[in-house]
Amino acid sequence: MAWKNRGLKQIYRYLLLEILFLPCGMMSSVLTVNGETENYILDTQLGLQESLECAVQNHTREEELLWYREDGIVGLTLENKINSSSVCVSSISEDDNGVTFTCKLQRNQSVSISVVLNVTYPPLLSGDYFQTAEEGSNVQLVCNVKSNPQAQMMWYKNGVILNLEKNRYQIQQTSEFLQLSITNVKKSDNGTYSCIASSSLNMETKDFHLIVKDKTTPVPTEAIIAASVVVFLTLCFGLIARRKRIMKLCIKDQDPHRDTAL
């Protein structure tokens with residue numbers, strides 16, 4: 001009986017130690033990415049390939065890892081999940097700038113580490129390069145830009161810095177575009193407008209060609225409609241009058257008194 005009591009005490013002692021040390025074992029598990037133990041920013045460039053390797057430190061058992069790109073989970077092979085896992089970001093583009101990759105412990109996803117991509121690239125410009133407008137109308141020339149670091153931007157006209165005519169020219173700029181608005185355009189606004197973006201990496205230029213046409217004389221729609229109505233009514237009255245005359249002739253032809261008696 002005493003032997004059984006000693007055996008039960010040993011089992012209870014073993015279970016107690018397991019319960020006490022289990023949380024410590026979970027807390028001791030630490031994740032690293034490329035040797036970093038804290039969230040960090042990875043500087044990279046267009047066209048490069050970056051490898052992110054996540055590993056579990058101080059683990060006491062086999063640990064499964066998860067990778068996320070933003071909120072979407074990354075598909076991994078079984079061999080690339082246990083204790084260490086890596087993802088490869090190839091052909092890095094401007095769309096990868098600011099994207100967050102996060103490695104998590106599968107059994108306790110509060111244990112995680114994140115990497116944010118900082119993709120540097122020179123200004124990339126786009127927009128409608130050719131535009132026509134009538135005199136007196138309003139025009140917007142929009143120069144779209146992507147750049148990291150952010151570019152300094154300005155407008156030129158025919159190779160010279162644009163002189164902003166008060167009350168007619170207005171410029172609006174954000175991190176994504178530079179817009180030139182021209183109200184009441186004139187023939188003198190004809191020309192080539194150049195959007196110039198300059199950053200520490202490079203300077204880029206995009207041309208926009210504006211052609212101002214003569215103002216067309218508006219078609220008097222209301223007058224045409226009124227004239228059409230008058231013509232239509234005249235035709236209708238004419239047809240009605242002609243119909244009445246034809247009816248009278250028909251009635252006269254049918255008069256029995258006009259026949260000659262034999």
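How many aromatic pairs does the count come to in this model? The count comes to 1 aromatic pair. Before I go on, please keep in mind that this is a predicted model.

The pair is made by Trp 155 and Phe 208, and its geometry is edge-to-face. Centre to centre the rings are 5.5 Å apart, with 65° between the planes. The cut-off for calling a pair edge-to-face is an angle over 60 degrees. Where do the two residues sit in the chain? Trp 155 belongs to strand β11, residues 152–157, while Phe 208 belongs to strand β16, residues 203–213. The two are 53 residues apart in sequence, so the pair ties together those separate parts.

Are these two residues buried or exposed? Trp 155 has 3% relative accessibility and counts as buried. Phe 208 is buried as well, with a relative accessible area of 1%.

Phe 208 comes up again in another kind of arrangement. The charged end of Lys 206 sits over the ring of Phe 208, at 5.8 Å from the ring centre. A second case involves Tyr 68: over its ring sits the charged end of Lys 104, 4.8 Å from the centre.

Next, the pockets. As a reminder, rolling a probe the size of a water molecule over the atoms shows where empty space is left. In this model the largest pocket holds about 200 Å³ of space. Which residues line the largest pocket? Among them are Asn 97, Tyr 121, Met 153 and Thr 174, together with Ser 175 and Glu 176. The lining also includes Val 145, Lys 146, Ser 147 and Asn 148, and further on Gln 150 and Ala 151. Sorted by class, the lining has 4 nonpolar, 6 polar and 2 charged residues. Strand β10, residues 139–148, gives the largest share of that lining, with 4 residues.

One of those lining residues, Asn 148, takes us to the backbone. Most residues other than glycine have a negative phi, and most peptide bonds are trans. Here are some exceptions to look for on the screen. Asn 148 and Pro 149 are joined by a cis peptide bond, with omega about 10°. Pro 149 is in the loop between β10 and β11.

Then there are two asparagines with positive phi. Asn 158 is not a glycine, yet its phi is positive, about 50°; its place is the loop between β11 and β12, the latter being residues 160–161. Asn 184 also has a positive phi, near 50°. This residue lies in the loop between β14 and β15, with β15 covering residues 191–198. At 41% relative accessibility, Asn 184 counts as partly exposed.

Two more residues, and then I will stop. Ser 181 is in strand β14, residues 177–182. Its relative accessibility is 15%, so Ser 181 counts as buried. The side chain of Ser 181 makes a polar contact, at 3.2 Å, with the side chain of Gln 179.

The other is Leu 66, which is found in strand β4, residues 65–69. Leu 66 counts as buried too, at 11% relative accessibility. How far apart are Leu 66 and Ser 85 in sequence and in space? They are 19 residues apart in sequence, and 8.1 Å apart in space from C-alpha to C-alpha.

To go back to the start: the aromatic pair to find on the screen is Trp 155 with Phe 208.

Methods:
Residues numbered from 1 in each chain as written. Predicted model: local features only at pLDDT ≥ 70, side-chain atom pairs only at ≥ 80, totals over all residues. Heavy atoms only, no water. Phe/Tyr/Trp six-rings, centres within 6.5 Å; stacked < 30°, edge-to-face > 60°. Buried < 20%, exposed > 50% of the residue type's maximum accessible area, 1.4 Å probe, protein only. Lys NZ or Arg CZ within 6 Å of the ring centre and 35° of its normal. 1 Å grid on protein atoms, 1.4 Å probe; cavity = no way out; pocket = protein on both sides within 12 Å on 5 of 7 lines; lining within 4 Å. Points joined across faces, edges and corners; volume = space filled by probe spheres on them. Nonpolar A, V, L, I, M, F, W, Y, C, P; charged D, E, K, R; others polar. Polar contact = N/O pair within 3.5 Å; in protein donor to acceptor, adjacent residues only side chain to side chain.
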